[in-house]
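Trainee: Please choose one stretch of this chain and take me through it closely. Then show me how that stretch fits into the rest.

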Amino acid sequence: KAETAKNPTETGISRSDENTEEPQTVKKSENIKNVIVQKAPFGLTASNLLVIRVWGEAVKEGVVVGDKILTVNNIQVDTNKAMKNLFANSPLPFPMRLAPGTEETIAKAKSVLLRL
C-alpha cells in the first residue's frame, strides 16, 4: 500500500483529483478479489463478465464460479467483449479484480453453464 501512495500513476487507481473517491474504494476493496494473471491460458470462462467455469491458474488464484470480473489490467470492463480483448492484448503478468460470487451469481453462473 505504501508503494501505491508513492507511485500512484503506476497503478492507475489513485490520482490527486480522485481523492474524494478513495474512502469508497477502500470500503469496497474488502469485498474485492485481486488476482494476478501470470500465465495464458489463465483458466476461466465468462459470460456477461460472470465466471461460469474455472480451472488451472484461475483456481490457484482463488477465482470461483459466480465471481464477476470488474477490471483487467487496471481497466474497468463493462462487456465480455472488452474483457476478452484486454485479456488477449495485455502483457503478462497483469492484475485482475473480481467481485466475489454471491448465492445469486453462483446460481446464475451454474444455470448459464448448463445451457452451453
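**A loop, a strand and their contacts**

Mentor: Pro41 sits in the loop that links β1 (33-37) to β2. Helices (H or I, at least four residues) and strands (E, at least two) are DSSP runs, numbered from the N terminus. This is a predicted model: local features need pLDDT of at least 70, side-chain atom pairs count only at pLDDT 80 or more, and totals for chains, interfaces and linings use all residues. Numbering starts from 1 along each chain as its sequence is written, and side-chain values use heavy atoms, without hydrogens or water.

Start with the backbone of that loop. The peptide bond between Ala40 and Pro41 is cis. Its omega is about 0°. Most peptide bonds are trans. Pro41 is therefore a place to look at the backbone, since its bond to Ala40 is cis.

Now look at who touches the stretch around Pro41. Which residues does Glu57 contact, leaving aside its neighbours within four places in sequence? They are Lys39 and Phe42. Contact here means heavy atoms within 4.5 Å. Glu57 belongs to helix α4, which covers residues 56-60. Is Glu57 buried or exposed? Glu57 is buried because its relative accessible area is 19%. The cut-offs are under 20% for buried and over 50% for exposed, with partly exposed in between (1.4 Å probe, protein chains only).

Move on to the strand itself. Thr45 is part of β2. Its relative accessibility is 22%, so Thr45 counts as partly exposed. Its partners lie further along the chain. Not counting residues up to four places away in sequence, Thr45 touches Leu50, Val51, Ile52, Arg53 and Trp55. Val65 offers another marker. Thr45 and Val65 are 20 residues apart along the chain. Their C-alpha atoms are separated by 9.2 Å.

Next comes the loop between β2 and β3 (50-54), where you find Leu49. Its phi is near 70°. That is a positive value, and Leu49 is not a glycine. Most residues other than glycine have a negative phi. Leu49 counts as buried because its relative accessibility is 4%.

Compare these backbone details with two sites elsewhere. Asn73 also has a positive phi without being a glycine, and the value is about 55°. Asn73 lies in the loop between β4 (68-72) and β5 (75-76). At 27% relative accessibility, Asn73 counts as partly exposed. The other site is Pro93. The peptide bond from Leu92 to Pro93 is cis, with omega near -10°. Pro93 lies in the loop between α5 and β6 (94-99).

Finally, set the stretch in the whole chain. There are six helices and six strands. Along the sequence they run α-α-α-β-β-β-α-β-β-α-β-α. Of the 116 residues, 26% count as buried. Glu57, at 19% relative accessible area, is one of the buried residues. Leu49, at 4%, is another. How are the contacts spread along the sequence? Take those between residues at least 6 apart. Of these, 58% join residues at least 24 apart.

So, on screen, go in this order. Find the cis bond from Ala40 to Pro41. Then pick out Glu57 with Lys39 and Phe42. Follow β2 to Thr45. End at Leu49, with its positive phi.
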